[in-house]
Amino acid sequence: MFDIDDTLYLERDYVRSGFRAVGAWARRALGIPDLADRAWASFEAGVRSTIFNDALASAGIEATPELIARMVACYRDHQPDIALLADARACLEATKGVAAVAVISDGPLASQSAKARSLGLATWSQTTIFTEALGPGFGKPHHRAFELVEERLSVEGPQCTYVADNPVKDFLAPHERGWTTVRVRRPRGLHHGVDGGDDIDHEVADMTDLMALIGLRGALR
């Protein structure tokens, strides 16, 4: 069972793709030729919640609530230019005929659905659960998404492995259900610097060794 962001692809690639989409809109609607570059520079500097506000201000445009809402919608609704990382693709291909695959992911439904389409996850995943579709309060670390995977695939905790990246919320529920938890701590991942806790059973830098960890040794070359 896989998370999406910074697990199967680099989330920073989605961010940059989203900024390009908003930048194209800003060029047409606001006459700002370089908003994408301004936003990316803020992101690289560590800014998060005020990126669009700061980018507009630096271009001399008032960041009204309506304008920010339009930019956020453009960002979330765009079809992202992202691709599976090579190790993630190899791992997914290695599961064919050997293990069932599912996806459990938090985040805005439109964004996560678009990511899944761009990554072609329907090719591998037998069931995909976007927690926002379950309703308020069911995002990780709530158990509901993990319960649904067990029900849909007719599996129990000890048969399951959850592969994800965020130690703050990803691993608590599956660990409590008896799943094996594997943190992918990618050097360029957004949560790379966050320490993990006792709810993480294994940690890897990428998925090259994942198959060995879950008992499919030799599936990856």
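Is D3 buried or exposed? In this predicted model, D3 is buried, with a relative accessible area of 4%.

**View 1. The salt bridge between K140 and D3**. The closest N and O atoms of K140 and D3 are 3.3 Å apart, and K140, like its partner, is buried, its relative accessible area being 8%. The pair links distant parts of the chain, since K140 sits in the loop between strand 2 (127–130) and helix 7 (144–153) whereas D3 belongs to the segment before helix 1, 137 residues apart.

**View 2. The salt bridge between D81 and R20**. Here the N to O distance is 3.6 Å, and the pair again joins distant parts of the chain, with D81 in the loop between helix 4 and helix 5 (86–95) and R20 in helix 1, 61 residues apart. D81 counts as exposed at 57% relative accessibility, while R20, at 43%, counts as partly exposed.

**View 3. Salt bridges at helix 7**. E147 and R144 lie three residues apart in helix 7, about one turn of the helix, and their closest N and O atoms are 3.3 Å apart in a salt bridge. Both are partly exposed, E147 at 26% and R144 at 27%, and they belong to a network of salt bridges that also links E150, E151 and R177.

**View 4. The buried side of helix 4**. The buried residues of helix 4 are L67, I68, M71, C74 and Y75; they cover an arc of only 125 degrees around the axis, which puts them on the same side of the helix. What covers them includes helix 1 (11–29), helix 2 (35–44) and helix 3 (51–58), whereas P65, E66 and D77 are exposed on the other side.

Notes: Residues are numbered from 1 along each chain as its sequence is written. This is a predicted model: local features need pLDDT of at least 70, side-chain atom pairs count only at pLDDT 80 or more; totals for chains, interfaces and linings use all residues. Side-chain values use heavy atoms; hydrogens and water are left out. Buried means under 20% relative accessible area, exposed over 50%, partly exposed in between (1.4 Å probe, protein chains only). Helices (H or I, at least four residues) and strands (E, at least two) are DSSP runs, numbered from the N terminus. The arc is that of the directions from the helix axis to the C-beta atoms. Contact means heavy atoms within 4.5 Å. A salt bridge is a side-chain nitrogen of Lys or Arg within 4 Å of a carboxyl oxygen of Asp or Glu.
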